[in-house]
Amino acid sequence: MGEAGRAAQAVVAQYVRDGFLTPESVARAEFDVWDRTTPGRVLLVAVQVVLALRQEDGRTDLGRPVPGLDAEDAELMIRTLLRDPAAARETSRRDLITLDRLLDLLASLIAEESLSEEEVEALLEAAEEGCLAVGPWDESDDRRPRDVELTDLGGLLVPTEPGLKIELMRSREDGSLAGVTLVRGRTAIQLQAFRALGDTSWATVRADLARTMRGRGGSAEERVGPAGPELQAVVRIQGPPGKDRQTVRVLGDDGPGWILRGFVTGLGAEPDSTEEWPYDTFQGTVVRMPADPLSTDPLIRLRLPDAGR
């Protein structure tokens, strides 16, 4: 078990022993951090694992209420933990998933399933491995799936499927390939990768984007989606009155030395959309860092699929 798993185990042990969270456990869990594997994230996945196994057995009861939640909110929280996209948005808006509720739920599940200390340790170890086995991927990462068909665009290798439309974006400055847009039906996701120069991270980029969108007359609200923290936004575009705004979702992720950003538009960006394809595409993308380690160009450039390295 890694460092995050061991810390999660200590938090669970403290909560089960005392019945409440100490300030030390709150700090240790790092529940508000989403750009890396933290003890809080391990605890979240552990609850998801147990709930999913119970659902497979046809068991949807929790044995006791979720503390501080009425039946409707508790159902929303459980549906979210079982990866229901529609419930996730409302759960995020109501801020239903908190560390103390999650730990109380986990402690209840451990008691109901009569899990031994060794079984809890195995559960947390599996949850930690589950956290680590999620893309987007660095090309050098040996854990990335090898059975996915990818289109090689140089700086990005993107998941493809029959009927998918691929549109390459060129830079206005020099005509180089700056990004790619994948279109399926009435949903599109635009992908661009950047070097993480200085203190740049998805958190700082996300905050800058939100300020820019609001400053230009749009709106931006941070949510937690299937790919972690994202922006649900409405941006100003060129068009006649009534058609001068566009709804978008902005996804992002930090890799070793890079940031991948995805703009989702169309039906899949609407607040009530439950479409999973944009997230699957984003998390299945592989980033290939350029060979020149001294380059200060923030954009990771692409190339045509058949152009060779």
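This report covers strands, enclosed spaces and selected residues in a predicted model.

## Strand β6 and its partners

Strand β6 spans residues 187-195. Of its 9 residues, 7 are buried, so β6 is largely enclosed by the rest of the structure.

Two antiparallel pairings involve β6. Strand β5 (residues 177-184) is joined to β6 by 5 bridges, and strand β10 (residues 258-266) is joined to β6 by 9 bridges. In the pairing with β5, Arg184 stands opposite Thr187 of β6. In the pairing with β10, Gln190 of β6 stands opposite Phe263. The β5 and β6 strands form a hairpin with 2 residues between them, and Gly185 takes a positive phi near 65° there.

## The second largest pocket

The second largest pocket holds about 360 Å³ of space. Its lining consists of Met169, Arg170, Ser171, Arg172, Glu173, Ala178, Gln192, Phe194, Arg261 and Leu299. Strands β4 (165-170) and β6 each contribute at least two of the lining residues.

Sorted by class, this lining has 4 nonpolar, 2 polar and 4 charged residues. Among the charged residues of the lining are Arg170, Arg172 and Glu173. Met169 and Phe194 are among the nonpolar ones.

## Leu168 in strand β4

Leu168 is located in strand β4, a strand that also supplies part of the lining of the second largest pocket. The relative accessible area of Leu168 is 29%, which means that this residue is partly exposed. Setting aside residues up to four places away in sequence, Leu168 touches Leu153, Leu177, Gly179, Val180, Leu304 and Pro305.

Measured against the chain, Leu168 and Ala291 are 123 residues apart in sequence. In space, the C-alpha to C-alpha distance between Leu168 and Ala291 is 22 Å.

## The four-stranded open sheet

An open sheet of 4 strands has the order β1-β11-β3-β2, and its pairing is mixed. The edges are taken by β1 (137-138) and β2 (150-152); each has a single partner strand, so one side of each is left without a neighbour in the sheet.

Strand β2 and strand β3 (residues 156-159) run antiparallel and are joined by 3 bridges. One of the residue pairs here is Thr151 with its bridge partner Val158 in β3.

## Thr285, just ahead of β11

Thr285 lies in the loop between α9 (277-284) and β11 (286-287). With a relative accessibility of 0%, Thr285 counts as buried, because the cut-off for a buried residue is under 20%. A polar atom of the Thr285 side chain lies 2.8 Å from the backbone oxygen of Thr281.

Beyond residues up to four places away in sequence, Thr285 touches Pro136, Trp137, Leu156, Leu157, Val158, Pro159, Leu191 and Leu260. Of these, Val158 is also the bridge partner of Thr151.

## The largest cavity

The structure holds 3 cavities of 30 Å³ or more. The largest cavity contains about 100 Å³ of space. It is lined by 15 residues, and those closest to its centre are Arg89, Gly225, Pro226, Arg249 and Tyr279.

Helix α5 (85-94) and strands β7 (219-225) and β8 each supply at least two residues of this lining. The largest share, 4 residues, comes from α5. The classes are represented by 5 nonpolar, 5 polar and 5 charged residues.

## Gln232 in strand β8

Gln232 sits in strand β8 (residues 228-236), one of the elements that help line the largest cavity. Its relative accessibility is 10%, so Gln232 counts as buried.

Two polar approaches involve the side chain of Gln232. A polar contact of 3.4 Å links this side chain to that of Arg249, and the backbone oxygen of Ala269 lies 3.0 Å from a polar atom of the Gln232 side chain. Arg249 is also among the residues closest to the centre of the largest cavity.

Neighbours within four places in sequence aside, Gln232 is in contact with Ser219, Ala220, Glu221, Arg223, Thr247, Val248, Arg249, Ala269, Glu270 and Pro271. Ser219, Ala220, Glu221 and Arg223 in this list fall within the range of β7 (219-225).

Terms used: Residues are numbered from 1 along each chain as its sequence is written. This is a predicted model: local features need pLDDT of at least 70, side-chain atom pairs count only at pLDDT 80 or more; totals for chains, interfaces and linings use all residues. Side-chain values use heavy atoms; hydrogens and water are left out. Buried means under 20% relative accessible area, exposed over 50%, partly exposed in between (1.4 Å probe, protein chains only). A polar contact is a pair of N or O atoms within 3.5 Å; within protein, one must be able to donate a hydrogen and the other to accept it, and residues adjacent in sequence count only if both atoms are side-chain atoms. Contact means heavy atoms within 4.5 Å. On a 1 Å grid over the protein atoms alone, a cavity is a set of points where a 1.4 Å probe fits but cannot get out, and a pocket is an open set with protein on both sides within 12 Å along at least five of seven lines; lining residues have an atom within 4 Å of a point. Grid points are joined across faces, edges and corners, and a volume is the space filled by probe spheres set on the points. Two strands pair if DSSP finds at least two bridges between them.
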